[in-house]
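Good morning, colleagues. May I ask you to turn to the sequence and the structure that are now being shown.

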Amino acid sequence: MKKSLLTLLAVAAMSTTALAAEVKPALVYGTGGKFDKSFNEAAYNGAEKFKAETGIAYRDFEPTGDTQGEQAIRNFASRGFNPVVAVSFAWTSAIEKVAAEFPDTKFIIVDSVVDKPNVRSVVYKEEEGSYLVGILAGMASKTGKVGFVGGMDIPLIRKFECGYEQGARAAKADIQVFQNMTGTTGAAWNDPVRGGELTKNQIDQGADVIYAAAGATGLGVLQTAADNKKLSIGVDSNQNHLHPGSVLTSMVKRVDLAVYNAYTDTKNDKFTGGVQALGVKEDGVGAAIDDNNKSLITPEMQAAVDKAKADIIAGTVKVHDYTSDNACPK
């Protein structure tokens, strides 16, 4: 009996070791660079947190084009990496193809949905977080004019803008909202010079708060706003520290959690496929307030954001999702 028990314990230990050995994480970023201080860097931070807590290393890749992204995803899967996280809607078709080729590998895609049993699709209610920062923009604006600079002109980024506009109008019904998109290709995520030019144009029209949802392009937006002594709003990662006293807030989008949870769930044999939609209620999006911007946030502004969060969670405020009908209510 004792011998049998020892045998069972040994088998269990071997099984645990085998399970741990199967966790070989990989990460493929969106175009725009790992250290964009925004979307990609949030994913990197999630992977780094997992590595720090577990001691398990991961491999990552920075594609500069769509073809490279698919090649990297397939290469990681073929070399036994598991799970493979792809952080961009741009990798939708790549994940669809590669996940079918490697049914025993777990894949995670951020910002898109792929309906396969071995794929977890993590999407965000960006309209809700953008609504919150829109309220702050509307309340902070002295001119009654605010701006938005998006990256690639796609429905996802229109979703950010539409939520922002709804929030700004909730704070100030007659507010004017300027909006520009940087481009129509992946290069739009990594053009801070163009981001700065669009920002200056909006400032010249009277905008005194400009929200950037443009990856590394947004760094040019934040810099130009600071140079012109105007306020900006960061995105995805908390960017308040980049220009303290000039960045009004940041619409944080917890891409780090998508990566960290994917790796942790796989390690603990708790990975599930399907869609995860993260909004204000799930703490997936929000408005960042810290020591770098708290002097810009009045008690009235804080109260307005707190109320809006509570109303969104309760369902008494429903922020329109641009992607539901490709339209934004006026």
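I shall take the domains, then the two sheets, then the pocket, and lastly two points of backbone geometry.

Please bear in mind throughout that this is a predicted model.

I begin with the domains. The domain assignment divides the protein into domain 1, residues 24-123 + 254-280, and domain 2, residues 125-251 + 284-322. Each domain is thus written as two segments of the chain. The contact between them takes 16 residues from domain 1 and 24 residues from domain 2. As for their separation, the C-alpha centres of domain 1 and domain 2 are 27 Å apart.

I turn to the sheets. As a general reminder, the strands of a sheet pair through backbone hydrogen bonds, in either a parallel or an antiparallel sense.

One open sheet has six strands in the order 2-1-3-4-5-11, and its pairing is parallel. Which strands stand at the edges of this sheet? They are strand 2 (59-61) and strand 11 (274-278); each has a single partner strand, so one side of each is left without a neighbour in the sheet. From one strand to the next, the twist averages 15°. To look at one pairing in detail, strand 1, residues 26-28, runs parallel to strand 2 and is joined to it by three bridges. Within that pairing, L27 has D60 of strand 2 as its bridge partner.

A helix packs against this part of the model. Helix 4, residues 92-101, lies across strand 3 (84-87), strand 4 (107-110) and strand 5 (119-124), and runs at about 170° to strand 4.

Another open sheet of six strands follows the order 7-6-8-9-10-12, here with mixed pairing. Its edges are formed by strand 7 (176-183) and strand 12 (285-287); each of these has a single partner strand, so one side of each has no neighbour in the sheet. Neighbouring strands of this sheet are turned by 15° against each other on average, with direction ignored. Strand 9 and strand 10, the latter comprising residues 247-253, pair in the parallel sense over five bridges. There, I233 stands opposite T249 of strand 10.

I come now to the largest pocket, which has a volume of about 390 Å³. Where does the largest pocket lie with respect to domain 1 and domain 2? Both domains give residues to its lining, so the pocket lies between them. The lining comprises 28 residues, and those nearest the centre of the pocket are G30, T31, S88, F89 and W189. By character, the lining residues divide into 14 nonpolar, nine polar and five charged. At least two lining residues are supplied by each of helix 2 (39-54), helix 6 (155-171) and strand 9 (231-236). Of the elements, helix 6 gives the most, with three residues.

I close with the backbone. In general, most residues other than glycine have a negative phi, and most peptide bonds are trans. Against that background, two sites deserve your attention.

The peptide bond joining N82 and P83 is cis, with omega at about 5°. P83 is placed in the loop between helix 3 (66-78) and strand 3.

The other site is D111, a residue other than glycine whose phi is positive, near 80°. D111 is found in the loop between strand 4 and strand 5.

Thank you for your attention.

Notes. Residues are numbered from 1 along each chain as its sequence is written. This is a predicted model: local features need pLDDT of at least 70, side-chain atom pairs count only at pLDDT 80 or more; totals for chains, interfaces and linings use all residues. Side-chain values use heavy atoms; hydrogens and water are left out. Two strands pair if DSSP finds at least two bridges between them. Helices (H or I, at least four residues) and strands (E, at least two) are DSSP runs, numbered from the N terminus. Axes are lines fitted to C-alpha atoms, for helices over the stretch in contact, and angles run from 0 to 180 degrees between N-to-C directions. Contact means heavy atoms within 4.5 Å. On a 1 Å grid over the protein atoms alone, a cavity is a set of points where a 1.4 Å probe fits but cannot get out, and a pocket is an open set with protein on both sides within 12 Å along at least five of seven lines; lining residues have an atom within 4 Å of a point. Grid points are joined across faces, edges and corners, and a volume is the space filled by probe spheres set on the points. Ala, Val, Leu, Ile, Met, Phe, Trp, Tyr, Cys and Pro count as nonpolar, Asp, Glu, Lys and Arg as charged, and the others, Gly among them, as polar. Domain bounds come from an automatic or database domain assignment.
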